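Visitor: Pick one part of this model and show it to me up close, then tell me how it sits in the rest of the fold. Don't hold back on the details.

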Amino acid sequence: MTILVTGATGNVGRQVVEHLVKRGADVRALVRDPSKAKFPQDVRVVQGDFLDIDSLRNAMSGVSTLFLLNAVVSDEFTQALIALNIARSAGIERIVYLSVIHADLYVNVPHFAGKFGVERMIEQMDFKATILRPAYFMQNDLMVKDVITGYGVYTMPIGAKGLAMIDVRDIAEIAALALLRREQAAEPLALDRINLVGPETLTGADIAAIWSEVLARPISYGGDNTDGFEQNLKQFVPAWMAYDMRLMGERFLTDGMLPEVGDVERLTALLGRPLRPYRNFALETAASS
């Protein structure tokens, strides 16, 4: 019984591998460049790419459970559908897919709409899957750490509706637990969806206040300008991605990323501990500067 982890060299995938190994699972990691793969000795590393059909067939041969994580790229939707089709051909029935919260609500945001399309395929083709829907990653704010500490402004377009931000470390542990639950079940389990949220729903002003406390000096919120957000991002990522992120930011402002009743309690029970709060992330980030 083998679990295949895709996106294994990324921040989430790498931690999923580590959690699985600690719990005694037989883990295979799909990577583009094995020379960059730094995993525990027992992990079998396989080279492959979502658009390289033969490499996917090789990676999925003999696999019982799949963790499907696709990077935000221009052909993310195509990559995911190919991976699921290859998984079906390989006889893989147990899947955990990393989607995004409100994938069915943010219909104009390309990478949200793509993930919702993947969810529909999983459901309509009767895959036995857990669909994880994480909210905004706290670690995304590492991109603006220098602006916060150097200029005293929090510039992410979070708005006043609030986001139920979650720590990447909690996402990875929950994903590993979901994989093990499916892997160890006597029969493939029914489809379920789990919102992955943090313990608080925070506005832009809330986050600025947390940073003010952590840094012991005033930090202001200046992030409602989604046009400026897009232009800044274009210095670091392709224009299509910057625009995608701008559209996401606009939905933050109008809709937020809000948990459903019982989400926090469900995740707390699953982990057996409290979810990590944003203040802890800010403290750790400030200490490492």
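Guide: First, a word on labels: helices here are DSSP runs of H or I with at least four residues, strands are runs of E with at least two, and both are numbered from the N terminus. Keep in mind, too, that this is a predicted model. My pick is helix H2, and let's start just past its end: Gly 62 follows H2, with a positive phi near 80 degrees.

Now the helix itself, residues 53-60. Its buried residues are Ser 55, Leu 56, Ala 59 and Met 60. Look down the axis of H2 and these buried residues fall within an arc of 125 degrees, so they line one face of the helix. Swing round to the other side and you find Asp 54 and Arg 57 exposed. As for what covers the buried residues of H2, the list includes strands S1 (3-5), S2 (27-31), S3 (44-47) and S4 (65-68), along with helix H3 (76-89).

Those strands lead us into the sheet. It's an open one of 7 strands, in the order S3-S2-S1-S4-S5-S6-S8, with parallel pairing. S3 and S8 (192-196) are the edge strands, each pairing on one side only. From one strand to the next, the twist averages 20 degrees. At the S8 end, strand S6 (residues 128-134) runs parallel to S8 and is joined to it by 5 bridges; Pro 134 stands opposite Leu 196 in S8.

Another helix worth a glance is H6, which lies across S1, S4, S5 (94-98), S6 and S8, running at about 170 degrees to S6. That brings us to the packing. The largest nonpolar core has 70 residues, and Phe 67, Tyr 154, Trp 211, Met 257 and Tyr 278 touch the most other members. H6 (residues 168-184) gives this core its largest share, 9 residues. Apart from this core lies another, of 24 residues, with Val 46, Phe 50, Tyr 97 and Met 121 among them.

Stepping back, the protein chain has 11 helices and 9 strands. Buried residues make up 51% of its 289 residues. Among contacts between residues at least 6 apart in sequence, 75% join residues at least 24 apart. The radius of gyration is 19 Å, which agrees with the value near 19 Å for a compact globule with 289 residues.

Definitions and conventions. Residues numbered from 1 in each chain as written. Predicted model: local features only at pLDDT ≥ 70, side-chain atom pairs only at ≥ 80, totals over all residues. Heavy atoms only, no water. Core = buried A, V, L, I, M, F, W, Y, C linked by side-chain atoms within 4.5 Å. Buried < 20%, exposed > 50% of the residue type's maximum accessible area, 1.4 Å probe, protein only. Arc of directions from axis to C-beta. Contact = heavy atoms within 4.5 Å. Pairing = 2+ DSSP bridges. Axes fitted to C-alpha atoms, helices over the stretch in contact; angles between N-to-C directions. Rg over C-alpha atoms; globule rule 2.2 N^0.38 Å.
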